[in-house]
Amino acid sequence: MKPPLATVTISDFNGLVSNRGRFPETPSDALTQTNIRCLHKGGLSARKGLESVSFSTAVSYTDDLISIYFYDYSASTQYIVSEDANGIVDAETLA
Amino acid sequence: MSLHTFSDTSIPMTVARAQTGEIYMHNGNDRPQRWDGITAATEHSGITAPTTEVTAAGSGSGSLSGSYTVYTRFIDDDGIPSNFSPSGTSLTLASDAQVDYSSIPQPTAGEPRVSLANGGQIQLWRNTDGQEITWYLDATVDTGTTVATSTKTDAQLQASTALRFYTADGYPNAMRFTPPATEYKVIVNHMDRMWFAGTTSTDADDRNTIMFSEANEPESVPSVNSLTLQEDGDEIVGLMPIGPYLYILKRRHIYQLATSGDPRRDASVVLVADRGCLNQRCWTRVESTAFLLDENGAYVMKGSEVQALDTPVRNFVTDQIDWDDHALYHVAKDADQELVQFFVTLGSGQGPRHALTYHYRLNRWSLDSFASFDAKASGEAEISGVMRLVIAHNSQLKIANDATVSHYDSMVPFTYKLGEYRLLPTHRDNVRRFSIWFDPISSFSIYAGAQEDSSSSSSSFTHTQTIRVKVYWNGSSTAETPLLTQDNEKGVTTTAGTAGYVVDLSNTEGFASFRFDGGLDTDALNYKTVAFELSGNTSRPLNIHRIEIDGVQ
């Protein structure tokens, strides 16, 4: 088989370059790049899914969390959150 | 452990920790709170001073003579005091034996921090005859006690705890314990002081003002501890401490504040950037570089040097981000993956459900989409010894799946579309082929319906990881639909009538390819450009290493 007359090679993924319209400046520009990232040169990696953080005790909130603050205390990581609608400020310890 | 309930929930609180370990919370509308990290509830930050004066009179026959002024103040069980009472009580003694104090002012029910149950006390301070520079602790009673006596002579007073009314250079001393003002929604710790900014007051004079506490006294914020910046038609929305500087963030300007220890004496403030910040949560720091988001987009600042960051994704900034709804926007660092994420709303009527994501080592952008989840807050926490980005997804705290643990119940949809390439003229030697190299992924078991934004069922099935590659000709928004159902034996299958070439990632060679030369398509001669879109759903680490497209340029 004869080699192709021309080949575009994309190995150095250039990330999302959406400001140029249909035609990229370099072949490895992406017009859309959602939930897939360039985490190292020469590769694309899908975004990892999300898992719930583990707490030292069972915790559940009823409203959206709008503030998070983490701090170290007594060799553990604690956090303070505030909830949206009910204004509750809560402090817990990560497992 | 529920610590407190703010009455106003429209503004995210900001939190700062003092050197002593206490944690302070401000939201600009409710009275600021402090927490010691141990007890089951927060308490007010700062102690409100007595509003009435004690009654004082001499009695008996003795050696006490002179003119005095007596002040009272409250003190909590940690020794943190309030200001003196407002004007003091005048007292004249003439050969009296003792001073009788009565009607000692008491804290209100709204000041539980100095209640009797919490160990609160009331102090009475008296000067010596002939001077109004220094006051001395004359008596201390428990909260609830309204009378006291003292037989101290001036010499005995001078041996007691002393407190100047003003410092030697004229600043408040006995009256320096003013609690932090409620109106400031931003608090940061910088150079042993707490700094406050971002007023919710509607008084235009206040929007250029920041306040700061006394050194190592985070709850002492006398009115003289303030700085007012020049009026520039803008308002202060945040504070950013980096190294020796405190950057004062306005919507469209940044000022750099420097001080060598006493801001009242030596603070210098200079304008360093005509960029700004949307709110206190819209900046983060990577090493000595700050990443910020203002109404003109994302940028970096190092020292006083500012550089736009978002040129490759300007269309998002100008066309897609809803700039009317930025109160809940935030910027976060994911040190584990070397990313800075700008959480914004695309469209309107919802919370931040997308993050423009920037890899700060590779200078690469991408977009994260969280489907129907609102990501209204984020923070960085050490988890299993690694600093991880934690995102508030509605009412839950979440982190990225660690590939080493078995949390494979959240499928993430991804899309990657390249631009259009010009096709070479049709020629028998000019093969048009799409090739892709990837890390093979073995088939795995997953719960039915598993998506990170929805509950999955308890039944599982075997999932073979694929990528669907769609082909778009001549700038069309409609992908080509293959005419045949076939397996090309190079890891790619098609289904007649369904758009896309399906790449099987379980292929252990880590390679697949397919021809797109339209050999079966009589319109091929008319094709000028071609574009490719890769998409799929995955819950496994999915890595693509190389794509080659033959026959285009």
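Author: Let's start with a term: a strand is a DSSP run of at least two E residues, and strands are numbered from the N terminus. With that in hand, β29 (386–393) and β30 (396–400) of chain B each supply at least two residues of the lining of the largest cavity. One more thing before your questions: this is a predicted model.

Reader: Okay, what makes a residue part of the lining of a cavity?

Author: A lining residue has an atom within 4 Å of a grid point of the cavity. In the largest cavity, 15 residues line the space, and A:Leu50, B:Asp334, B:Gln337, B:Leu389 and B:Ala400 are the closest to its centre. The strand β29(B) gives the most, with three residues.

Reader: And what makes a space a cavity rather than a pocket?

Author: A 1.4 Å probe fits in a cavity but cannot get out, whereas a pocket is an open set of points. The structure holds five cavities of 30 Å³ or more, and the largest cavity has about 140 Å³ of space. As for pockets, the largest one has a volume of about 1,100 Å³.

Reader: Which residues sit nearest the centre of that largest pocket?

Author: They are A:Ile68, A:Tyr69, B:Val15, B:Trp283 and B:Gly379, out of 36 that line the largest pocket. The largest share of the lining comes from β6(A), with seven residues. Chain B joins in too: β2 (14–17), β12 (184–190) and β16 (236–242) are among its strands that each supply at least two residues.

Reader: How do you know which class each lining residue belongs to?

Author: By residue type: Asp, Glu, Lys and Arg count as charged, for instance, and Gly is among the polar ones. Sorted that way, the lining of the largest pocket has 19 nonpolar, ten polar and seven charged residues. For the largest cavity, the lining divides into six nonpolar, two polar and seven charged.

Reader: Now the rings. Why is the pair of B:Phe291 and B:Tyr360 called tilted?

Author: Two numbers settle that. The ring centres of B:Phe291 and B:Tyr360 are 6.3 Å apart, with 50° between the planes. Ring centres within 6.5 Å make a pair, and an angle that is neither under 30 degrees nor over 60 counts as tilted, so that is the label. B:Phe291 lies in strand β21 (residues 289–294) of chain B and B:Tyr360 in the loop between β26 (354–359) and β27 (364–369), so the pair ties together parts that are 69 residues apart in sequence. The count comes to 25 aromatic pairs over all chains.

Reader: What makes B:Phe291 count as buried or exposed? And B:Tyr360?

Author: The cut-off for buried is under 20% relative accessible area. B:Phe291 has 5%, so buried is the word. B:Tyr360 has 13%, so the verdict for B:Tyr360 is buried as well.

Reader: How do you know that B:Lys417 sits over a ring?

Author: B:Lys417 lies over the face of B:Tyr472, at 4.0 Å from the ring centre. The limit is 6 Å from the ring centre, along with an angle of within 35 degrees of the ring normal. The charged end of B:Arg546 is another case, over the ring of B:Trp437 and 5.8 Å from its centre.

Reader: What makes B:Glu338 and B:Glu489 stand out? B:Glu338 first, then B:Glu489.

Author: B:Glu338 has a positive phi of about 60° although it is not a glycine, and a positive phi of about 60° turns up at B:Glu489, also not a glycine. B:Glu338 is found in the loop between β24 and β25 (339–344) of chain B, while B:Glu489 lies in the loop between β37 (486–487) and β38 (492–495) of chain B.

Reader: Are those two buried, partly exposed or exposed: what do the values for B:Glu338 and B:Glu489 say?

Author: Exposed begins over 50%, and partly exposed lies between that and the buried limit of 20%. B:Glu338 has 28%, so B:Glu338 is partly exposed. B:Glu489 has 74%, so B:Glu489 counts as exposed.

Reader: Last one: how do you know what B:Asp310 is in contact with?

Author: Contact means heavy atoms within 4.5 Å. Leaving aside neighbours within four places in sequence, the contacts of B:Asp310 include B:Asn296, B:Val317 and B:Trp365. B:Asp310 lies in the loop between β23 (305–308) and α3 (314–320) of chain B, and with a relative accessible area of 3%, B:Asp310 is buried.

Notes. Residues numbered from 1 in each chain as written. Chains lettered and ligands numbered in written order. Predicted model: local features only at pLDDT ≥ 70, side-chain atom pairs only at ≥ 80, totals over all residues. Heavy atoms only, no water. Phe/Tyr/Trp six-rings, centres within 6.5 Å; stacked < 30°, edge-to-face > 60°. Helix = DSSP H or I, 4+ residues; strand = E, 2+ residues; numbered from the N terminus. Buried < 20%, exposed > 50% of the residue type's maximum accessible area, 1.4 Å probe, protein only. 1 Å grid on protein atoms, 1.4 Å probe; cavity = no way out; pocket = protein on both sides within 12 Å on 5 of 7 lines; lining within 4 Å. Points joined across faces, edges and corners; volume = space filled by probe spheres on them.
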